[in-house]
Amino acid sequence: MPHIHPKTTPIYQTSVFTFDDLNALEQYFEQPGQSYMYTRYSNPNSDELAEQVNKLEGGAGAVVTSSGMSAILAAVLGLCKAGDHVLCAEEIYGGSSALLTKELTRIGIEVTLVPTADIYTLQPYVQPNTRLLLLETMSNPLLQVFDIAQLAQQTQQHQIKLVVDNTFATPIITKPLSLGADMVIHSVTKYLSGHSDVTAGVVICEQQEDLQRVKQVMMVYGLNLSPFESWLAARGLKTLRLRMREHSSNALAVAQFLQSHPKVEKVWYPGLQEHPQYELAKKQGRGMSGGMLSFRIQDDKEAVNRFMQALQHIPFAPSLAGVATSISYPLGTSHRSLSPEQQQRMSITAGVIRLSVGIEEPEELIADIDQALTQV
Ligand SMILES: Cc1ncc(COP(=O)(O)O)c(C=O)c1O
């Protein structure tokens with residue numbers, strides 16, 4: 001066979017690797033990272049993805065997982081055992097709070113949801129067995145922006161870990177580890193892969209000790225990502241910087257349009273001056289606010305339905321962060337599992353629509369939204 005020098009990493013679509021003999025096997029254990037044994041433990045494609053994301057987030061290392069949910073699971077199980085206590089911001093993706101409050105509580109991990117108003121005064125919530133605080137840089141779905149540096153001061157003071165879900169912001173906008181967070185997680189399914197064709201997750205750790213724990217959980221729980229999905233995500237990641245600039249400028253244009261529309265009651269976008277954390281978002285986000293926004297029309301499901309049906313080019317898809325714009329409905333999808341009281345407290349009402357703004361021509365998006373709003 002001739003020498004092959006591929007420009008891009010080939011897909012190592014193999015579940016296992018071979019050894020010449022027992023000496024080679026011993027070498028595998030003595031020199032970790034120098035060779036491969038079994039794809040559930042590590043694979044060149046998942047390693048490449050982990051290295052690239054780690055470089056962007058500036059950590060000590062990263063572990064890729066089969067989904068954003070398994071990334072959160074690996075992070076929490078890496079840090080906690082039965083009897084430990086976890087704090088979680090109440091305004092967070094519904095799946096994350098369901099994982100904590102409905103599943104991890106079943107195996108003896110205590111969970112307290114912290115209302116946004118109390119997030120900077122954690123003292124009353126911290127217990128001797130509290131291990132970590134989990135929150136999102138920009139919350140799903142109403143784009144609350146959290147001051148990571150201020151929160152890190154508090155978590156350090158209480159000697160608990162700060163775990164930040166950076167899915168909405170991405171490291172192009174905010175690098176939580178540089179602001180004092182201990183771990184960052186992503187649903188790679190979203191911006192990092194970027195093309196709505198991958199389900200994946202990643203945990204990036206500031207400290208080696210945490211990294212080894214998360215790796216161990218990933219391997220023994222079998223939370224690994226397949227070679228092909230790793231390859232697709234690594235390919236998408238190469239254009240992250242370009243995409244985030246377009247997502248951000250398009251979303252700002254759409255948010256400004258929506259804000260001036262008489263049928264729109266409220267817009268949540270951190271790039272708007274009216275947003276309560278506008279100054280923080282500007283500072284923490286290096287002038288970009290990402291592609292996610294939410295807005296409210298009249299609180300009537302039928303009006304939302306008419307709006308969706310009238311859209312010509314923007315599909316209703318209960319996910320986000322692809323290159324093509326889509327809308328979602330938090331009350332019926334991402335935050336469906338919350339109680340009606342929680343939904344109300346978080347302002348997730350019947351008229352709230354979440355928009356994931358893609359990288360198309362902004363004029364086309366605005367024209368489509370404009371004509372659909374006439375149906376409301
Ligand atoms: C902010 C955030 N974190 C985590 C997840 C879970 O990721 P996945 O669907 O890849 O498991 C989601 C999913 O929508 C999300 O929006």
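In which loop does Pro-141 lie? In this predicted model, Pro-141 is placed in the loop between E4 and helix H5 (148-157). The peptide bond that joins Asn-140 to Pro-141 is cis, with an omega of about 10°. Asn-140 is also one of the residues around the ligand.

The ligand occupies the second largest pocket. The residues around the ligand include Ser-67, Gly-68 and Met-69, together with Tyr-93, Glu-136 and Asn-140. Asp-165, Thr-167, Ser-187, Thr-189, Lys-190 and Ala-200 also belong to this set. Polar atoms of three side chains were found at short range from the ligand, as follows. A ligand nitrogen atom is 2.6 Å from an N or O atom in the side chain of Asp-165. A ligand oxygen atom lies 2.8 Å from an N or O atom in the side chain of Ser-187, and for the side chain of Lys-190 the distance from an N or O atom to an oxygen atom of the ligand is 2.7 Å. On its own, the ligand has 390 Å² of accessible area, of which the protein covers 90%.

Helix H4 spans residues 94-103 and is mostly covered, with seven of its ten residues buried. The buried residues are Gly-94, Gly-95, Ser-96, Ser-97, Ala-98, Leu-99 and Leu-100. Their packing partners are two kinds of element: helix H3 (68-79), and the strands E2 (85-89), E3 (110-114) and E4 (130-136).

Two of the buried H4 residues, Gly-94 and Gly-95, are touched by Ser-334. Ser-334 is located in the loop between strand E10 (326-328) and helix H12 (340-345). Its relative accessible area is 11%, and Ser-334 is therefore classed as buried, the limit being under 20%. Not counting residues up to four places away in sequence, Ser-334 also touches Tyr-93, Asn-140 and Arg-354. Tyr-93 and Asn-140 are both among the residues around the ligand. The side chain of Ser-334 makes a polar contact of 2.8 Å with the side chain of His-335.

A further buried loop residue is Asn-43, at 0% relative accessibility. Asn-43 is found between helix H1 (22-30) and helix H2 (44-57). Leaving aside neighbours within four places in sequence, Asn-43 is in contact with Tyr-12, Thr-14, Phe-17, Tyr-36 and Pro-227. A polar atom of the Asn-43 side chain lies 2.8 Å from the backbone nitrogen of Asn-45. Between the C-alpha atoms of Asn-43 and Arg-131 the distance is 31 Å, with a separation of 88 residues in sequence.

Positive phi values occur at two loop residues other than glycine, Gln-159 and Arg-286. Gln-159 has a phi near 55° and lies in the loop between H5 and strand E5 (161-165). With a relative accessibility of 73%, Gln-159 counts as exposed because the cut-off for that class is over 50%. For Arg-286, phi is about 50°. Arg-286 belongs to the loop between helix H10 (278-284) and strand E9 (292-296). The relative accessible area of Arg-286 is 49%, so this residue is partly exposed.

Conventions. Residues are numbered from 1 along each chain as its sequence is written. This is a predicted model: local features need pLDDT of at least 70, side-chain atom pairs count only at pLDDT 80 or more; totals for chains, interfaces and linings use all residues. Side-chain values use heavy atoms; hydrogens and water are left out. Buried means under 20% relative accessible area, exposed over 50%, partly exposed in between (1.4 Å probe, protein chains only). Helices (H or I, at least four residues) and strands (E, at least two) are DSSP runs, numbered from the N terminus. Contact means heavy atoms within 4.5 Å. A residue is near a molecule or strand if one of its heavy atoms lies within 4 Å of it. A polar contact is a pair of N or O atoms within 3.5 Å; within protein, one must be able to donate a hydrogen and the other to accept it, and residues adjacent in sequence count only if both atoms are side-chain atoms. Accessible areas come from the Shrake-Rupley method with a 1.4 Å probe; for residues, only the protein chains shown count as cover. On a 1 Å grid over the protein atoms alone, a cavity is a set of points where a 1.4 Å probe fits but cannot get out, and a pocket is an open set with protein on both sides within 12 Å along at least five of seven lines; lining residues have an atom within 4 Å of a point. A molecule sits in a cavity or pocket if more than half of its atoms lie within 2 Å of its grid points.
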